[in-house]
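User: I would like to learn how to read a model like this one step by step, beginning with the surroundings of the ligand. Could you give the general idea each time and then the case at hand?

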Amino acid sequence: MADDPEEGMLSWDESVFRDEHVFEIDYVPETFAHRESEMRSLKYALRPAARGSRPLNVIARGPPGTGKTTAVQKVFGELGAQTDVRTVRVNCQVDSTRYSVFSRVFEGIFEYEPPSSGISFKKLFRQITEKLVEEDEVLVVALDDVNYLFYEGEASDTLYSLLRAHEAHSGAKIGVIVVSSDLNLDVIEDLDGRVQSVFRPEEVYFPVYDNEEIADILRERVERGFHEGVVSTEVLDEVAELTAESGDLRVGIDLLRRAGLNAEMRASRTVSIEDVEEAYEKSKYVHLSHSLQALSDSEIELLEVIARHDGERAGDVYDAFHEQTGLGYTRYSEIINKLDQLDIIDATYTNVEGRGRSRQLSLRYEPEAVLNRLEGN
Ligand SMILES: Nc1ncnc2c1ncn2[C@@H]1O[C@H](COP(=O)(O)OP(=O)(O)OP(=O)(O)O)[C@@H](O)[C@H]1O
């Protein structure tokens, strides 16, 4: 059957994937290479907790997709398996107020949600600390993507409550790991003085992976995720190179999954360079999609207005936003700052002759790419 046109083609019940789950966003990789020193620093800081003492606090910083969340998950996994230390990871992109952070902590400790019918913060806090003292347990809270607490003006209060828990309730031992991928944010500097005086964290920096490290990490994912022979070395190198351009490992993982789906669409048993190139048109926006996820309605509305008026004067953008939403200048200005901090737009002040300082707004992405994602395409 040498001339069988179906040869080399996938049938309906076949897949290029051995395990597609390894390309999903919440997958915790089995091996975690090239992060030995960062893991060592984290463990060093948390070691006292394993002995029943309050651990050192940590600030983990580094660009997006450099393994910060994974490192926390790995260390928390080990602590959970080998010690009595309680660990709770809070995603501040989702829970961006002190109250919701503590609700998550409550849930982590009691294994059920706090009553939704308005229990006061004070009560929530007391129940958590009492439980820790009663059980004689140490708690480590990771505030992942802590930058979102800063955008909402909730960072100082949240940290203050966590760090002073032992004073509010003697015997309560809580350590904090704050994780930030916003390199423009000076976490310590931006906290209130009262928090700064009690927050002297160990710093752990996560640099971007270089080309070789990216290829190495992705090779492992390919071996677990695809059947043998589906992704050639040449294709993997291409994926690694495109990933290195952004430095965000998530781009590469998303790229592999989409390229695999493209190959399946062609009913092919192997992923081609073209499959990768086509996939990259979407995967290069994983960071944008991630940032857009947690925007509120008014933030989305302003971003839409900016995308539709790209390149126009800031004053015109405000007029259009005000007309559409009825919201005033203060809120407008707050949202502009947040979109700027999220690197979705670039907002810089320039001196305009005769008109004083004015803001120059520009999108950091193609307006179409932003609008498509906002519309869920
Ligand atoms: N050394 C590694 N080995 C295997 N997979 C890794 C490694 N580092 C990161 N990853 C994978 O890359 C993706 C991004 O990693 P992670 O979420 O830990 O990054 P991050 O620094 O927390 O990003 P962000 O700051 O945007 O939240 C995850 O899917 C993770 O599994």
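Analyst: To sort a shell by class, Ala, Val, Leu, Ile, Met, Phe, Trp, Tyr, Cys and Pro are counted as nonpolar, Asp, Glu, Lys and Arg as charged, and the others, Gly among them, as polar. In this predicted model, the shell around the ligand has nine nonpolar, eight polar and four charged residues by that scheme.

User: Which residues come nearest to the ligand, and which helices each supply at least two residues of the shell?

Analyst: Of the 21 residues around the ligand, those that come nearest are Pro64, Gly67, Thr69, Thr70 and Ser181. The helices α2 (68–82) and α11 (249–265) each supply at least two residues of the shell.

User: From which domains does the shell draw at least three residues each, and how is the chain divided into domains?

Analyst: The domain assignment gives domain 1 as residues 36–205, domain 2 as 210–288 and domain 3 as 295–374. The shell around the ligand takes at least three residues from each of domain 1 and domain 2, and the C-alpha centres of these two domains lie 34 Å apart.

User: What does the UniProt record place in this part of the chain?

Analyst: A record of this kind is best kept apart from what is computed from the coordinates. The unreviewed UniProt entry places a "binding site" feature at Thr66, Gly67, Lys68, Thr69, Thr70, Tyr209 and Arg221, and the feature "domain: AAA+ ATPase" at residues 54–203. In the model, the span 54–203 is 43% helix and 18% strand, with its end C-alpha atoms 17 Å apart.

User: Taking two residues of that binding site, is threonine 66 buried or exposed, and how does threonine 70 count?

Analyst: The idea is to count the other C-beta atoms within 10 Å, where 20 or more make a residue buried, 12 or fewer make it exposed, and a count in between makes it partly exposed. Threonine 66 is buried because 24 other C-beta atoms lie within 10 Å, whereas threonine 70 counts as partly exposed because it has 18 C-beta neighbours inside 10 Å. Threonine 66 sits in the loop between β1 (58–61) and α2, and, with its neighbours within four places in sequence left aside, it is in contact with Phe206, Pro207, Val208 and Tyr209. Threonine 70 belongs to helix α2, and under the same exclusion of sequence neighbours its contacts are with Val28, Pro29 and Phe32.

User: Turning to the interior, which residues touch the most other members of the largest nonpolar core?

Analyst: In soluble globular proteins, nonpolar side chains tend to be buried together. Here the largest nonpolar core holds 47 residues, of which Val140, Val141, Leu143, Val176 and Ile177 touch the most other members. Strand β3 (residues 138–144) gives the most to this core, with six residues. Apart from this core lies another, of 30 residues, which includes Ile214, Val230, Val239 and Ala240. As for isoleucine 177, it touches Val58, Ala60, Val72, Val140 and Ala142 when residues up to four places away in sequence are not counted.

User: What might be said about the backbone at alanine 267 and aspartate 343?

Analyst: The sign of phi is the thing to look for, together with the residue type. Alanine 267 has a positive phi of about 55° although it is not a glycine, and aspartate 343, also not a glycine, has a positive phi of about 65°. Alanine 267 is placed in the loop between α11 and α12 (273–283), while aspartate 343 lies in the loop between α16 (329–341) and β6 (345–352). Aspartate 343 counts as partly exposed because it has 16 C-beta neighbours inside 10 Å.

User: Where does leucine 288 lie, and which residues does leucine 288 touch?

Analyst: A pair of residues can be described both by separation in sequence and by distance in space. Leucine 288, in helix α13 (residues 286–293), is 55 residues from aspartate 343 in sequence and 8.7 Å from it in space, C-alpha to C-alpha. Leucine 288 touches Ile344, Tyr365, Ala369 and Arg373, residues up to four places away in sequence not being counted.

User: What share of the contacts in the whole chain joins residues 24 or more positions apart?

Analyst: Among contacts with a separation of 6 or more, residues 24 or more positions apart account for 70%. The chain has 17 helices and seven strands, and 36% of its 377 residues are buried.

Definitions and conventions. Residues are numbered from 1 along each chain as its sequence is written. This is a predicted model: local features need pLDDT of at least 70, side-chain atom pairs count only at pLDDT 80 or more; totals for chains, interfaces and linings use all residues. Domain bounds come from an automatic or database domain assignment. Helices (H or I, at least four residues) and strands (E, at least two) are DSSP runs, numbered from the N terminus. Two residues are in contact if their C-beta atoms, placed from the backbone, lie within 7 Å. UniProt positions are given in the numbering used here, feature names are shortened, and annotations may be inferred rather than shown by experiment. A residue is near a molecule or strand if its C-beta atom, placed from the backbone, lies within 6 Å of it. A nonpolar core is a set of buried Ala, Val, Leu, Ile, Met, Phe, Trp, Tyr and Cys residues joined through C-beta atoms within 7 Å.
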